[in-house]
Amino acid sequence: MGLCLIAAMSLPNLGGILLAAAGLGFVIFVHELGHFAVARMCGVKCEKFMVGFDFWGLKFSRKWGETEYGIGVFPLGGYVKMLGQDDDPSKSMEQLEASQVAADSEFAKEITGPDGKTRIVDRRSYQAKSVPQRMAIISAGVIMNIIFAYVFAFIAFGIGVEYAPCVVSQTAPGAPAWQAGLEAGDEIVQIGDRERPGFEHLMAGVSLGDLENGVKFRVLRAATGEVEELILKPKRKEGDTAKIGVTSPLSNFIVNDKEGLQKLMERESLPPVAAGDEIIAINGEPISSYRDLASQLALNASEPIDVTVRRKATSSSEAEGDSTESEVTFSVPAQPARRLGLVMTMGPIFGIQQGSPAEAAGLKPGDKITAIDGQSIGAASSGEPGIDPLALPELLAESQTTVTLSVLRADAGENAEPESVQVTPRKVTWIETPVGPDSPMPLPALGIAYEVEPTVAAIVSGGPAESAGIQPGDKIRAVTITRPASGDEEARTGSKTVIGDGPGAYAWPSIHIAVQRLKEGSEVVLTLDRSGAEKEVEARISPDKSPDAFVVERQLTALLQPPLRMREVTSISDQAWHAWDRTQFSLTTVVRFVRKIFANQVPTNKLGGPLQILNMSYTVASHDLASFLLFLTLLSANLAVLNFLPIPVLDGGHMVFLAYEGITGKPANEKLMVGLQVVGMLLLLSLMIYVTRNDIMSMFFKQAL
């Protein structure tokens, strides 16, 4: 009774492994303890209490009194074996006969079996108990999980719970949050009725929210300090959960993971930061948040910058808490953008930002910009390269001079001529890049997001694409990236990434971003459809560095940790309230998640299985105890809700059979129960295979980009 799957993995932190295993085992233990305790209170003889399954007798056990207590070597769950009870209804008669006693026994009790015949059984058997007693026994495991979900949360808030607030660092171009004009530093202070939400509340509130009517938000604007009320309608794409397009929050602190940071710096050419550094100035300008940092990076993209950090230098007597702080300044050069020597085909406008220059100029989604101040975008009429669509953000980033756009309107006829539209770009003081595999390209100076079609419009003379033999008109169908050897690692070739519009496919702007993050010496292999060619053509390109385009982030933002705050607990009653709030949130989130799966709002590929449970357990166990206890709250809530679903084999299925018996006065038909049990078992096995497949795909077969 109860399901929690565990699989072996090679993990580097033994303490994290042991804590994760102990926590998962304890969640199973308390579930079975609920069944056991209530069964004993109802006078049922319990023959076994097992954590883990003892298939083929493989177990560590000892018998005290009439009960054998043990740990099975297959840690897939646990069970309590009661006299006269078996989860397999086909064995109900066998169990009934095994619990029979002589009529003159002190334990004798007369009952009616599933076959309608009267039998004398041991009154300590499960089947000798009334329907309410058996219901109490079956439901006790779920109740214990709910109780201990609360206990875990109560202890966690007593220790101190950190959370990441819903502070915007970046929005996904074209997404609802981007269209509403949310900026770096804006904070979502209320989601629906929940005040002071953490980022986990935002993810649940959006993915499980009302897609038709939208989700209510209150946003504290960083620029004005005023609170604004918004209703954003989450957008869901096939195979994904609904989103509003807000990325994970970032701070001006470097991640405090020394081991992880060291490994990353060994593989990549990164600035000389240290774990836990606080970035306090760029070129002497004070930095107090990610918003400040992003602004300085955007304003100085083409120049070297001096980065000043506040660094903690801990002495050898760290145990006594002796530490000093120092300020360290180092120079970070500009990072030239990598180019493939391709000029791609400009696509239509995907979205318009509210309050933007583009909105003021009357641009609309579906319009297509064909030229800027007479310069063609893509290929010129002569066939020579025009402006690369991917270069538009840099071209207009620092310009506040009115430009003339040639715009082919979305509703124009087939032979219509482009219109001239005057627009004045705004100064860009933030970081805005494609987010996600299918993201359009942002043009923040105008407030638009536009598509870039994966068709080559022109080739840059002398560039890598020309050397690789790529031709105008080639359509890019897939990309494969080969990364060079690094340290002890050998050269690695990623999987082939499909380019296009379908589920799982990447849009060209995401490839552009991936190329910027490549290590020196990487190669990009393009799979092309070429007019007149009988089969696909492959072209191998080594990206070169652009002399006039630069990567704004300079790899700094990849090293930043989220801003963290502490949930303030002022008293025991406040601690109890926070614990109940977290328990209630965990339970309702699981219930809503299940409902949204059946409503087709949450795709089944988001279901996690045993490997994901293990991975998450280890990750949070290695972080801190409070985070791990809150994870156990969620896991215990999951176990409670899922175990009470009305599926035969699970506790909820047993409750349905007992409810039928209570209403009709006799057990359900044995053949019907066996049939439903088989169906339920097949459903669970199919689900287990499917979620394990999801785990394997997400953990071991991620796409190269």
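Two strands are taken as paired here if DSSP finds at least two bridges between them, and the strands themselves (E, at least two residues), like the helices (H or I, at least four), are DSSP runs numbered from the N terminus. The model is predicted, so local features need pLDDT of at least 70 and side-chain atom pairs count only at pLDDT 80 or more, whereas totals for chains, interfaces and linings use all residues. Residues are numbered from 1 along each chain as its sequence is written, and side-chain values use heavy atoms, with hydrogens and water left out.

**The whole chain**

Begin with the full C-alpha trace, which spans about 105 × 70 × 55 Å along its principal axes. The protein chain holds 16 helices and 30 strands. Of its 705 residues, 47% are buried, a word that stands for under 20% relative accessible area, with exposed meaning over 50% and partly exposed in between (1.4 Å probe, protein chains only).

**Strand S24 and its partners**

Select strand S24 (residues 475-483) together with strand S27 (residues 523-529): seven bridges join them, and they run antiparallel. Lys475 has Asp529 in S27 as its bridge partner. Strand S26 (residues 497-498) is also joined to S24, by two bridges and again antiparallel, and there Val479 stands opposite Thr497.

From S27, select Glu523 and Arg540, whose side chains meet in a salt bridge (3.1 Å, N to O); the term requires a side-chain nitrogen of Lys or Arg within 4 Å of a carboxyl oxygen of Asp or Glu. This pair links distant parts of the chain, with Arg540 in strand S28 (residues 537-541) and Glu523 in strand S27, 17 residues apart. Arg540 is partly exposed at 48% relative accessibility, and Glu523 is partly exposed at 24%.

**Other salt bridges**

The count of salt bridges comes to 26. Another of them joins the side chains of Arg311 and Asp277 (2.8 Å, N to O), where Arg311 lies in strand S14 (residues 305-314) and Asp277 in the loop between helix H6 (258-267) and strand S12 (278-282), 34 residues apart. Asp277 is buried, with a relative accessible area of 0%. Move next to Arg221 and Glu228, which meet at 2.9 Å, N to O; Arg221 is buried at 12% relative accessible area, while Glu228 is partly exposed at 31%.

**The sheet S2-S3-S1-S4**

Now display the open sheet of four strands in the order S2-S3-S1-S4, which has mixed pairing. S2 and strand S4 (74-82) stand at the edges, each with a single partner strand, so one side of each is left without a neighbour in the sheet. Six bridges join strand S1 (residues 46-53) to S4 in antiparallel fashion, and Val51 has Gly78 in S4 as its bridge partner.

Phe60 is found in strand S2 (residues 59-64) and is exposed, with a relative accessible area of 62%. Select Phe60 with Phe55, Trp56, Leu58, Ile71 and Val73 to see a nonpolar surface patch of about 690 Å². Lys48, Asp54, Lys59 and Glu68 can be selected afterwards as a network of salt bridges.

**The sheet S19-S18-S20-S21**

A further open sheet of four strands has the order S19-S18-S20-S21, with antiparallel pairing. Its edges are strand S19 (375-376) and strand S21 (419-423), each with a single partner strand. Strand S20 (residues 403-408) is joined to S21 by five bridges, and the partner of Thr404 in S21 is Gln422.

Methods. Patch = residues over 30% accessible without salt bridge, like charges linked within 9 Å, V, L, I, M, F, W, Y side chains within 5 Å. Areas by Shrake-Rupley, 256 points an atom, 1.4 Å probe, with all protein chains shown as cover.
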